[in-house]
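I opened this entry to look up a few helices, a loop or two and some single residues. My notes follow in the order in which I checked them.

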Amino acid sequence: LGWAARHRRSLAIIIPLLIALAAVRWWGIGHGPALADDEGTYVAEAWAIQVKHSLAPYTYWYDHPPFGWMQISAFTWLSGVFHSGGLDVVAVRRMMVGYAVIDGGLIYLLARRLGIRRGLAAAAVALWAFSPLAVGYSRMVYLDNIALPWVLAAFVLAATPRRSLWSQTAAGAMFALGVLSKETMILLLPG
């Protein structure tokens, strides 16, 4: 209760923004953007983990590090997506809404930790929430969308005001999980 009372102004700003972000991402999720082949590939790899107990549907497969579709597999296992009878890619897109909401919260938190005022931090989240390009791409089952929360969490932990060894270690671990979700996230290491 003490934490919530101290941050009530920020919570009053960010909670409605995150609800709006989720609503915008959720509305019409099965109709746009058009399904992409990479989405089917990642869902198939999640299926292979869950059903075939292997990292890929084919033994000769070469692709990204497996942590991204391991997360998809955990979601499909918990939600029973592969047994629902619907379009699996659209069902997994619902998972992407959760990642986008987490991204929005982390964007706000990172902005505040970098000393940006509440209004501008909220504007950054609103830009993420309502930009048509961001809405379209963050709905899709792309490994980039799965890796982004891990990398943002790393930046939030690295910018913690306490500067403790534990927060720096956790930042490194979060960044590693982001890279293991999509290897191109390593390009953000200088940040």
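**Helix α3 and its cover**

I looked up what lies over the buried residues of α3, and the cover includes α4, α5, α7 and α8. The model is a predicted one. I then listed the buried residues of α3 themselves: E39, Y42, V43, E45, A46, A48, I49 and Q50. An α-helix has 3.6 residues a turn, so residues three or four places apart point the same way.

I checked the length of α3 next. The helix has 16 residues and spans 21 Å between its first and last C-alpha, close to the 22 Å expected at 1.5 Å a residue. After α3 comes H53, and I noted that its phi is positive, near 60°.

**Helix α8**

I ran the length check on α8 as well. It has 16 residues, and from first C-alpha to last it reaches 23 Å, close to the 22 Å expected at 1.5 Å a residue. Its buried residues are L143, N145, I146, A147, P149, V151, L152, A153, A154 and V156. I found that their cover includes α3 (37-52), α4 (67-79), α5, α7 (132-139) and α9.

**N145**

I picked N145 for a further look; it sits in α8, which runs over residues 143-158. Is N145 buried or exposed? Its relative accessible area is 11%, so I entered N145 as buried, the cut-off being under 20%.

Which backbone oxygen does the side chain of N145 reach? I found that of Y137, at 2.8 Å. With neighbours within four places in sequence left aside, I noted contacts from N145 to M96, Y99, Y137, S138 and M140.

**T160**

I moved on to T160, which is in the loop between α8 and α9 (165-181). T160 counts as buried because its relative accessibility is 4%. Again without neighbours within four places in sequence, T160 is in contact with R113, S167 and Q168.

**L114 and the surface patch**

Last, I looked at the surface. L114 lies in the loop between α5 (88-113) and α6 (118-130). I entered L114 as exposed because its relative accessibility is 57%, and the cut-off for exposed is over 50%.

Which residues form a nonpolar patch on the surface with L114? I found I116 and L120, and the accessible area of L114, I116 and L120 together is about 280 Å².

Technical notes: Residues numbered from 1 in each chain as written. Predicted model: local features only at pLDDT ≥ 70, side-chain atom pairs only at ≥ 80, totals over all residues. Heavy atoms only, no water. Helix = DSSP H or I, 4+ residues; strand = E, 2+ residues; numbered from the N terminus. Buried < 20%, exposed > 50% of the residue type's maximum accessible area, 1.4 Å probe, protein only. Polar contact = N/O pair within 3.5 Å; in protein donor to acceptor, adjacent residues only side chain to side chain. Contact = heavy atoms within 4.5 Å. Patch = residues over 30% accessible without salt bridge, like charges linked within 9 Å, V, L, I, M, F, W, Y side chains within 5 Å. Areas by Shrake-Rupley, 256 points an atom, 1.4 Å probe, with all protein chains shown as cover. Salt bridge = Lys/Arg side-chain N within 4 Å of Asp/Glu carboxyl O. Expected span 1.5 Å × (residues − 1).
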